[in-house]
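Q: Let's take a close look at one part of this model. I'd like to walk around one of the ligands and then see how that spot fits into the rest of the protein.

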Amino acid sequence: MARQSAVRVSIPASTANLGPGFDTVGMAFSLYSSVEMSVAEKTVIELVGPELQGLPQNKSNLLYEVAADLFREAGQAVPELHIRASSDAPLTRGLGSSAAAIVGALVAANQLAGQPFSREDLFRMASWREGHPDNVGASLFGGVVVASMPENEDEPIPFVRFGPPEALHILAIIPNAPLSTEKARNVLPTLYSKQDVIYNVGHSSLLVAALAHGRLDLLSQAMKDRMHQPYRAKLVPGLSEILAGANEHGALGATLSGAGPTILCFYQTEADLGRLSPFVEQVMSEQGVAYRAMQLKPDHHGAQVVFEER
Ligand SMILES: Nc1ncnc2c1ncn2[C@@H]1O[C@H](COP(=O)(O)OP(=O)(O)OP(=O)(O)O)[C@@H](O)[C@H]1O
Ligand SMILES: N[C@@H](CCO)C(=O)O
């Protein structure tokens, strides 16, 4: 395959878990970041826009590290790179920014390297880098991705991708204060009771079936979780109240997005949104949480090469 000399990739942000599908279920949505990459004399990393300010602008930047790993795995010399990145999605809010960055860097570097790897290979590399396949799968393939980590690093990641129900709209409630994924994973127990395991297996299975078959009526039940949301609620003011009340105020279902602190409500119509928004506003003001709300749609395409030059 011919090598590209410059490439630009657009990557959707994503939500993970959707309630019970911890580390397993992801969905891409219409909030994008971009990675432009070309081989250069000397490495330069340009970070455009407010969301990426403060990240390293040298070879310790995640984008460069991931790209360098791809060249090494392809058995090629690691080049100096000019990287220009931007993100409409805020970081450390549970919107899969690290996954989007990993996917963007892998897709871009693979083009520059002459496409030695398939998208399934990139999925395997991204999943091991991120530690779980939910966000990276959604950002790479778009839609809903259900996947599970295999035992060994060289095995393909088994996954199914499908289009989410057309009628699904997303209200993302994004707190101004960040929450690191590491902190939100550290509050989880190491052991769970048999009842809680059975509860989550049942709800996660129902969630996947409901999404695949467009059974929006089942989402409020299917999105219930006992594995992470109850423990993370103490780190996310407003979560318990929104999970408890969203369905009575127009939502099809509500969930912590990834590791949080963003909370997502799924809804169908403008009228539903009209009931949901004041409820969210009331909860967040009672909790004293500064936030912004964004209306989003699922993304169906995943990471796209939007510009390439030979
Ligand atoms: N475009 C980017 N360039 C370089 N590093 C990035 C970029 N986007 C994200 N990162 C890295 O990823 C980190 C955020 O990852 P983290 O897992 O804490 O949050 P998240 O991915 O936004 O949320 P979640 O995993 O819960 O969905 C940032 O602090 C930064 O180190
Ligand atoms: N599934 C992950 C997503 C965040 O990276 C979690 O909930 O911790």
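Which domains does the shell around ligand 2 draw at least three residues from?

A: Quick housekeeping: residues count from 1 along each chain as its sequence is written, while chains are lettered from A and ligands numbered from 1 in written order. This is a predicted model, where local features need pLDDT of at least 70 and side-chain atom pairs pLDDT 80 or more, though totals for chains, interfaces and linings use all residues.

Now your shell: domain 1 (6–163 + 298–309) and domain 2 (169–296) each put in at least three residues, with bounds taken from an automatic or database domain assignment. Around ligand 2 you'll find Ala16, Asn17, Phe22, Asp23, His132, Asp134, Asn135, Thr181, Arg185, His228, Gly258 and Ala259, where "near" means a C-beta atom, placed from the backbone, within 6 Å. Sorted by class, that's three nonpolar, six polar and three charged residues; Asp, Glu, Lys and Arg count as charged, Ala, Val, Leu, Ile, Met, Phe, Trp, Tyr, Cys and Pro as nonpolar, and the others, Gly among them, as polar. β1 (6–17), β2 (21–39), α4 (134–141) and α5 (181–186) supply at least two shell residues apiece; these are DSSP runs numbered from the N terminus, helices (H or I) of at least four residues and strands (E) of at least two.

Zooming out, the C-alpha centres of domain 1 and domain 2 sit 25 Å apart. Their contact takes 23 residues from domain 1 and 27 from domain 2, counting C-beta atoms, placed from the backbone, within 7 Å. On the domain 1 side, β1, β2 and β5 (144–147) each give two or more residues, and β2 has the largest share, with seven. That side has twelve nonpolar, ten polar and one charged residues.

Note on methods: Two residues are in contact if their C-beta atoms, placed from the backbone, lie within 7 Å.
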